[in-house]
Amino acid sequence: MKRKFTIKSLISIKKKFANLWQLLQKLTSVLYFVLGTWLIFTTITLVFASSQPVDAFLVLGGSIRRETYVAQLAKQYPQTPILISHGSPDPCIWLIFQPELVELQNVWLEKCANSTFENFYYSIPILRRWGVHKVMLITSPSHLPRAKWMAQILLGAHGIWVEPEIVEESGIPGNNESWGKTGLDLTRSVLWAILSQIIQPQCSNVTKLAEVDMQAWEHKGFHCEHQGGWGDEGQGAGGRGQGAGGKN
């Protein structure tokens, strides 16, 4: 009796494993189908978006030269929204845009990001809310190729075509690129490209440039990079800053 019971038990266990294996195979097939469909749809969306005009400027913080450059672009494309991800101090950006007579309501400052990965982490929900399909990514040579590849992975996963625009810096860059850091960021970018389809983090510190209180900043004082190109009178009580900023 004991032997029969053991054989029956083994047969029962084998059947359970067989059923579980079949279930896993079915789930894997469904996953492949969903992933394949998503990739095809995203590719078609990107191909279409690549031929469309740029409908947003995304500036990665790290050098005031990037903000100076996008201010010039804003004069040519006044209706195109601008998102500056953790750039220079608010009053420094205001001093760049205000003389250009640019519509400050179209310039948004996101100040939650503390790394290149977080630049995209917090920018994606904003760009999606704006309905962006093609973005001009403004960065510097010291930020490449990591920033470009991350943008193509993370923004591309949401059907947003990336057009890099490289702005030269002067001085010593604030960040140092390495293949180790690039590999780590690309790996987590691939993972987040999938997770961000259902998770939309919100930055609690996003403001319009038009809402910057310059009187309060003048009273408190602030520092700006010397690359901004203005004189001491534009720096408030804080005087002039030095060098190019940067983030990891």
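## A walk from the core to the surface

Start with the largest nonpolar core, a set of 26 residues in which Ile-82, Ile-84, Phe-97, Ile-138 and Leu-209 have the most contacts. Colour by secondary structure and you'll see where it comes from: at least two of its residues are supplied by each of β1 (56-60), α2 (64-76), β2 (82-85), α3 (90-97), β3 (107-110) and β4 (134-139). Keep in mind as you click around that this is a predicted model.

Next, pick Leu-209 and show its surroundings. Beyond neighbours within four places in sequence, Leu-209 touches Asp-90, Ile-93, Trp-94, Phe-97, Leu-104, Val-107 and Leu-109. There's also a second core, separate from the one you began with; it has 23 residues, including Leu-83, Phe-120, Val-135 and Leu-137.

Now select β2. Which residues are buried on each of its faces? Ile-82 and Ile-84 sit on one side, Leu-83 and Ser-85 on the other, and all four names are buried, so both faces of the strand are covered. Switch on β1 as well: the two strands run parallel and pair over four bridges. One spot to zoom in on is Val-59, whose bridge partner in β2 is Ile-84.

Move along to α3. Of its eight residues, seven are buried: Asp-90, Pro-91, Cys-92, Ile-93, Leu-95, Ile-96 and Phe-97. To see what they pack against, display α2, β2, β3 and α7 (214-220).

Then head for the outside. Select Ile-13, Phe-17, Leu-20, Trp-21, Leu-23, Leu-24 and Leu-27, which make a nonpolar surface patch of about 740 Å². Leu-20 is part of helix α1, residues 2-50. Why does Leu-20 count as partly exposed? Its relative accessibility is 43%, and partly exposed covers the range between under 20% (buried) and over 50% (exposed), so Leu-20 falls in that class. While you're on the helix, step through the patch residues with this in mind: at 3.6 residues a turn, positions three or four places apart in an α-helix point the same way.

Finally, zoom out to the whole chain. You'll count seven helices and six strands, running α-β-α-β-α-β-α-β-α-β-α-β-α from the N terminus. Buried residues come to 41% of the 248 in the chain. Among contacts with a separation of 6 or more, 79% join residues 24 or more positions apart. Put a surface on it to finish: about 13,900 Å² is exposed, with carbon and sulfur atoms supplying 62% of that area.

Definitions and conventions
Residues are numbered from 1 along each chain as its sequence is written. This is a predicted model: local features need pLDDT of at least 70, side-chain atom pairs count only at pLDDT 80 or more; totals for chains, interfaces and linings use all residues. Side-chain values use heavy atoms; hydrogens and water are left out. A nonpolar core is a set of buried Ala, Val, Leu, Ile, Met, Phe, Trp, Tyr and Cys residues joined through side-chain atoms within 4.5 Å. Buried means under 20% relative accessible area, exposed over 50%, partly exposed in between (1.4 Å probe, protein chains only). Contact means heavy atoms within 4.5 Å. Patches are made of residues with over 30% relative accessible area and no salt bridge: like charges are joined within 9 Å, nonpolar side chains (Val, Leu, Ile, Met, Phe, Trp, Tyr) within 5 Å. Accessible areas come from the Shrake-Rupley method with a 1.4 Å probe; for residues, only the protein chains shown count as cover. A salt bridge is a side-chain nitrogen of Lys or Arg within 4 Å of a carboxyl oxygen of Asp or Glu. Two strands pair if DSSP finds at least two bridges between them.
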